[in-house]
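Me: Please take a close look at one side chain in this model and describe its setting in full. I would then like the account to move outward from there, in connected steps, to the parts around it.

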Amino acid sequence: MDELIENVIRWGRDKELNDPKAQLNKVVEELGEMAHEVCRNRYSSNEMMDAIGDTLVTIIILTDICKLDVEDCLQEAYNVINKRTGRTIDGTFVKDE
């Protein structure tokens, strides 16, 4: 996985992707494609796999542009949710106050 992440970062740098706002727009665009597949109940489609993959790529590149490490960001988020309590209501986790 580390090699794959490094390959994505290198690709983004090679393409001179360095504008965080422009990259955020790409993240949102790819999320829109993912939403399109979810709204059509096409969870296991090739298009869904492509949308998820493209979203991950855009997020990895955004973290690099912001001089953050994607694994550190994921670890930080996990450290927070790991301690979170709550319950799932209609398929959505609702954290305790």
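**One side chain and its surroundings**

Reply: A polar atom of the Thr55 side chain lies 2.7 Å from the backbone oxygen of Ala51. The model is predicted, and the distances and accessibilities in this account are computed from it. Thr55 belongs to helix α3. Is Thr55 buried or exposed? Its relative accessible area is 5%, below the 20% cut-off, so Thr55 counts as buried. Once residues up to four places away in sequence are set aside, Thr55 touches Glu30, Leu31 and Met34.

Two of these partners, Glu30 and Met34, also appear among the buried residues of α2, together with Gln23, Val27 and Glu37. How are these five arranged around the helix? They cover an arc of only 75° around the axis, and therefore lie on the same side of α2. The cover over the buried residues of α2 includes α3, the helix that holds Thr55. On the other side of α2, by contrast, Lys21, Asn25, Val28 and Cys39 are exposed.

The length of α2 can be checked in turn. The helix runs over residues 20-39, and at 1.5 Å a residue its 20 residues should span 28 Å; because the C-alpha atoms at its ends are 28 Å apart, expectation and model agree. The expected span is obtained by multiplying 1.5 Å by one less than the number of residues.

The ends of α2 come next. At the N-terminal end, Asp19 acts as a cap, with a side-chain oxygen 2.9 Å from the backbone nitrogen of Lys21. Just after the helix, Asn41 takes a positive phi of about 55°, although Asn41 is a residue other than glycine. Asn41 sits in the loop between α2 and α3, and its relative accessibility of 55% is above the 50% cut-off, so Asn41 is exposed. The loop between α1 and α2 holds another such residue, Glu16, which is not a glycine either and has a positive phi of about 60°. With a relative accessible area of 63%, Glu16 is likewise exposed.

Helix α3 has a further role beyond the contacts of Thr55. Which residues make up the largest nonpolar core? Its seven residues are Ile5, Val8, Ile9, Ile60, Ile61, Ile65 and Val70. Two elements, α1 (2-14) and α3 (46-65), give two or more residues each to this core. Within the core, Ile60 is in contact with Ile5, Val8, Ile9 and Val70, leaving aside its neighbours within four places in sequence.

The cysteines complete the account. How many disulfides does the structure hold? The number is zero. For Cys73, the nearest cysteine sulfur is that of Cys66, 8.5 Å away; a disulfide requires sulfur atoms within 2.5 Å, and therefore this pair does not qualify. Cys73 has a relative accessible area of 33%, which lies between the 20% and 50% cut-offs and so makes it partly exposed. Cys39, on the other hand, is exposed, at 62% relative accessibility.

Taken together, the buried Thr55 sits in a helix, α3, that contributes to the cover over the buried residues of α2 and also gives residues to the largest nonpolar core.

Note on methods
Residues are numbered from 1 along each chain as its sequence is written. This is a predicted model: local features need pLDDT of at least 70, side-chain atom pairs count only at pLDDT 80 or more; totals for chains, interfaces and linings use all residues. Side-chain values use heavy atoms; hydrogens and water are left out. A nonpolar core is a set of buried Ala, Val, Leu, Ile, Met, Phe, Trp, Tyr and Cys residues joined through side-chain atoms within 4.5 Å. Buried means under 20% relative accessible area, exposed over 50%, partly exposed in between (1.4 Å probe, protein chains only). Helices (H or I, at least four residues) and strands (E, at least two) are DSSP runs, numbered from the N terminus. Contact means heavy atoms within 4.5 Å. A polar contact is a pair of N or O atoms within 3.5 Å; within protein, one must be able to donate a hydrogen and the other to accept it, and residues adjacent in sequence count only if both atoms are side-chain atoms. The arc is that of the directions from the helix axis to the C-beta atoms.
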